[in-house]
Amino acid sequence: MSKILVVSGHPDYKSSKANRAILDEFHRLVPAADIVYLDAEYPDGKIDVEREQKRLTDADTVVFEFPLWWFSAPSLMHLYFEMVLAHGYAYSSKGGMMNGKKLIFSFTAGAPESEYSPEGHEHVTMEALIPQFKAVSDFCGFEWKGAIVSFGMMLLNPDDKEAEKRFYEAANTHAQQLAVAVKE
């Protein structure tokens with residue numbers, strides 16, 4: 001099996017419910033995957049660029065996993081992109097170190113899928129948001145393997161046992177889809 005690297009860009013993973021449930025289940029399904037929790041490793045935001053570039057270099061498949069915030073990745077994930085996926089390493093006029101590596105974006109959205117429409121509360125479709133992530137993949141020479149998105153991933157009332165059950169079922173389904181995707 002190929003070497004799998006998951007970079008978790010949740011800025012507060014320990015307080016996360018959705019992303020933590022997804023990655024915990026994913027790690028159970030794919031225990032050989034290397035999962036990097038940026039918030040735990042770099043609480044001060046000072047990313048060890050050489051270390052992270054080595055992790056990427058050693059990986060065959062990369063997953064960037066995070067909650068969708070303000071229609072994009074959280075600032076910690078953006079900082080990682082800016083620092084680690086640097087010119088001369090991830091891309092250049094002659095190519096870069098990401099060429100041929102598979103890339104999957106995995107993220108959660110708090111709002112239900114129905115809200116991601118011009119008429120919905122978010123006023124934008126998810127299909128309109130995903131191209132920015134594909135652009136990162138294409139620019140760096142990754143082999144784009146798509147995005148796995150789960151909607152409605154805010155457990156607003158943990159006392160609602162039916163809602164909690166649906167929430168964790170959705171998180172497990174996301175993890176299973178991600179496990180299948182990294183093995184393809």
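This passage describes helix α5 and the salt bridges of a predicted model.

Helix α5 comprises 15 residues, from 126 to 140. The distance from its first C-alpha to its last is 22 Å, close to the 21 Å expected at 1.5 Å a residue. Five residues of this helix, Met126, Leu129, Phe133, Ser137 and Cys140, are buried. The buried residues of α5 pack against three strands, namely β3 (61-67), β4 (102-108) and β5 (143-150). After the helix comes Gly141, which has a positive phi, near 85°.

Helix α5 also contains a pair of charged residues. Lys134 and Asp138 form a salt bridge, in which the closest N and O atoms are 2.8 Å apart. The two residues are four positions apart in α5, about one turn of the helix. Lys134 has a relative accessibility of 32% and therefore counts as partly exposed, since the partly exposed class lies between 20% and 50%. Asp138 falls in the partly exposed class as well, with a relative accessibility of 44%.

Side chains of opposite charge can pair when their charged atoms come close. In total, the structure holds eight salt bridges. One of the pairs is formed by Glu25 and Arg28, with 2.8 Å between the closest N and O atoms. Glu25 and Arg28 both belong to helix α1 (residues 18-29), and because they are three residues apart, about one helical turn separates them. The two partners differ in their accessibility. Glu25, at 13% relative accessibility, counts as buried, because buried residues are those under 20%. Arg28, by contrast, has a relative accessible area of 57% and is exposed, because exposed residues are those over 50%.

A further salt bridge joins the side chains of Asp58 and Lys54, at an N to O distance of 2.7 Å. These residues lie in helix α3 (residues 49-58), and because Asp58 and Lys54 are four residues apart, their separation is about one helical turn. Asp58 is partly exposed, at 34% relative accessibility.

Salt bridges also occur in a linked arrangement. Glu41, Arg51, Glu52 and Arg55 are connected with one another in a network of salt bridges.

Notes
Residues numbered from 1 in each chain as written. Predicted model: local features only at pLDDT ≥ 70, side-chain atom pairs only at ≥ 80, totals over all residues. Heavy atoms only, no water. Expected span 1.5 Å × (residues − 1). Buried < 20%, exposed > 50% of the residue type's maximum accessible area, 1.4 Å probe, protein only. Contact = heavy atoms within 4.5 Å. Salt bridge = Lys/Arg side-chain N within 4 Å of Asp/Glu carboxyl O.
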